[in-house]
Amino acid sequence: MREEISFEKFMMKASGHFLVNELPDGFMKWDEEKVDKYIDEHKTCWFNNCGIPELYEIIECLANEMQFLHEHGTFEFE
């Protein structure tokens, strides 16, 4: 049986690939402005020219893929 992992945990882990510090526990309760500020202040130099909404979407896409893989044991390629 697989461990139940919240989507927030997947977002936190995925964000670590793009931010110098992962999104913190409880960030999903923050308002959009606070999340945007955190991402802007913690994005790695590789993403300095990436807009905040775009970077959030990239993090979210990776988190979705991680969650799908965790739940199904495989990726679903289109």
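A residue is called buried here when its relative accessible area is under 20%, exposed when that area is over 50%, and partly exposed in between. By that measure, Glu8, Phe10, Met11, Met12, Ala14 and Ser15 are the buried residues of helix α1. The model described is a predicted one, and the protein in it has three helices and zero strands, so that, read from the N terminus on, its elements run α-α-α.

**Overall build**

- The protein has 78 residues, of which 28% count as buried.
- Taken along the principal axes, the box filled by the C-alpha atoms of the protein is roughly 40 × 30 × 20 Å.
- Among the contacts in the protein with a separation of 6 or more, 45% are accounted for by residues that stand 24 or more positions apart.

**Helix α1 and its packing against α3**

- Helix α1 spans residues 7-15, and its buried residues, among them Phe10 and Met11, pack against α3.
- Two packed helices are described by the angle between their axes and the distance between the axes.
- For α1 and α3, the axes come within 8 Å and cross at roughly 120°, and the two helices are therefore oblique to each other.
- The crossing that α1 and α3 make is right-handed.
- On the α1 side, the residues that meet α3 are Phe7, Phe10, Met11, Lys13, Ala14 and Ser15, while the residues of α3 that they meet are Tyr56, Ile59, Glu60, Leu62, Ala63, Asn64, Met66, Gln67 and His70.
- Sorted by class, this contact of α1 with α3 is made up of nine nonpolar, four polar and two charged residues.

**The two sides of helix α2**

- Helix α2 covers residues 32-42, and its buried residues are Val35, Tyr38, Ile39 and His42.
- These buried residues lie on the same side of α2, because they cover an arc of only 95° around the axis.
- In an α-helix there are 3.6 residues a turn, so residues three or four places apart point the same way.
- The face of α2 that is turned away from the buried side carries Glu33, Lys37 and Glu41, which are exposed.
- Helix α3, residues 52-72, is included in what covers the buried residues of α2.

**Residues outside the helices**

- Which residues does Thr44 touch, leaving aside those up to four places away in sequence? Thr44, which lies in the loop between α2 and α3, touches Phe18, Leu19 and Val20.
- Thr44 counts as buried because its relative accessibility is 15%, and the cut-off for being buried is under 20%.
- Gly26 is placed in the loop between α1 and α2, and at 21% relative accessibility this residue counts as partly exposed.
- Glu3 belongs to the segment before α1 and is exposed, its relative accessible area being 59%.

**Distances between residues apart in the chain**

- Glu3 and His72 are 69 residues apart along the chain, and their C-alpha atoms are separated by 12 Å.
- Gly26 and Leu62 are 36 residues apart along the chain, and the separation of their C-alpha atoms is 19 Å.
- Leu62 is also one of the α3 residues that meet α1.

Methods. Residues numbered from 1 in each chain as written. Predicted model: local features only at pLDDT ≥ 70, side-chain atom pairs only at ≥ 80, totals over all residues. Heavy atoms only, no water. Buried < 20%, exposed > 50% of the residue type's maximum accessible area, 1.4 Å probe, protein only. Helix = DSSP H or I, 4+ residues; strand = E, 2+ residues; numbered from the N terminus. Arc of directions from axis to C-beta. Contact = heavy atoms within 4.5 Å. Axes fitted to C-alpha atoms, helices over the stretch in contact; angles between N-to-C directions. Parallel < 35°, antiparallel > 145°, perpendicular 65-115°, else oblique. Left-handed = near helix turned anticlockwise from the far one by under 90°. Nonpolar A, V, L, I, M, F, W, Y, C, P; charged D, E, K, R; others polar.
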